[in-house]
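Trainee: I have a protein chain to look at today and would love some help. Could we go through it together?
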Amino acid sequence: MNGVVIALLAAAVIAAALAVARRSRRGGGCCGEHETVRRTGVADRNPAHYPHEAALDIGGMTCDNCARRVENALNGLDGVWATVRIDSRSARVRCKVKPDEAALRSAVRAAGYVVTGYREVR
């Protein structure tokens, strides 16, 4: 009986080691992607054109790929320039017009994450 238990444990350890090795060869990532998410650029990078600003706390981000996904989703909105930081799990969102909280929350949700805090800064 002990031999069966030891064999099952050994099989589980080997399977886990193979999964880790396979993931590391393909790039891994916590969000299930095997490629690095590329940052989408913002055409208008003049801060003077963005008189409004909001700060968002983002839940669910665990890596740089997660942060880039959220940033790309926010930057896909018209008149928005966002910068997302994984270390603080937050986003700084500059807007050309008064921020639309519902649209910002929707973009983050569409990327697979959740806004846990929202405040207008200016």
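Trainee: Which pattern does the protein chain follow when read along the sequence?

Mentor: Keep in mind that this is a predicted model. The protein chain has 3 helices and 4 strands. Read along the sequence, they give the pattern α-β-α-β-β-α-β.

Trainee: Which element supplies the largest share of the largest nonpolar core?

Mentor: Nonpolar side chains in soluble globular proteins tend to be buried together. Here the largest nonpolar core has 22 residues, and Leu56, Ile58 and Val70 are among those that touch the most other members. Strands E1, E2, E3 and E4 and helices H2 and H3 each supply at least two residues of this core. The largest share, 4 residues, comes from H2.

Trainee: Is Glu53 buried or exposed?

Mentor: Let's start with its partner: the side chains of Glu53 and Arg92 meet in a salt bridge, 2.9 Å from N to O. Arg92 is partly exposed, with a relative accessible area of 37%. For Glu53 the relative accessible area is 10%, and the cut-off for buried is under 20%. Therefore Glu53 counts as buried.

Trainee: How many residues apart in sequence are the parts that Glu53 and Arg92 tie together?

Mentor: Look at where each partner sits: Glu53 lies in strand E1 and Arg92 in strand E3. Their salt bridge therefore ties together parts of the chain whose separation in sequence is 39 residues.

Trainee: Which strands does the salt bridge between Arg119 and Asp57 link?

Mentor: The side chains of Arg119 and Asp57 meet at 3.5 Å, N to O. The two residues are 62 apart, so this pair links distant parts of the chain: strand E4 and strand E1.

Conventions
Residues numbered from 1 in each chain as written. Predicted model: local features only at pLDDT ≥ 70, side-chain atom pairs only at ≥ 80, totals over all residues. Heavy atoms only, no water. Core = buried A, V, L, I, M, F, W, Y, C linked by side-chain atoms within 4.5 Å. Buried < 20%, exposed > 50% of the residue type's maximum accessible area, 1.4 Å probe, protein only. Salt bridge = Lys/Arg side-chain N within 4 Å of Asp/Glu carboxyl O.
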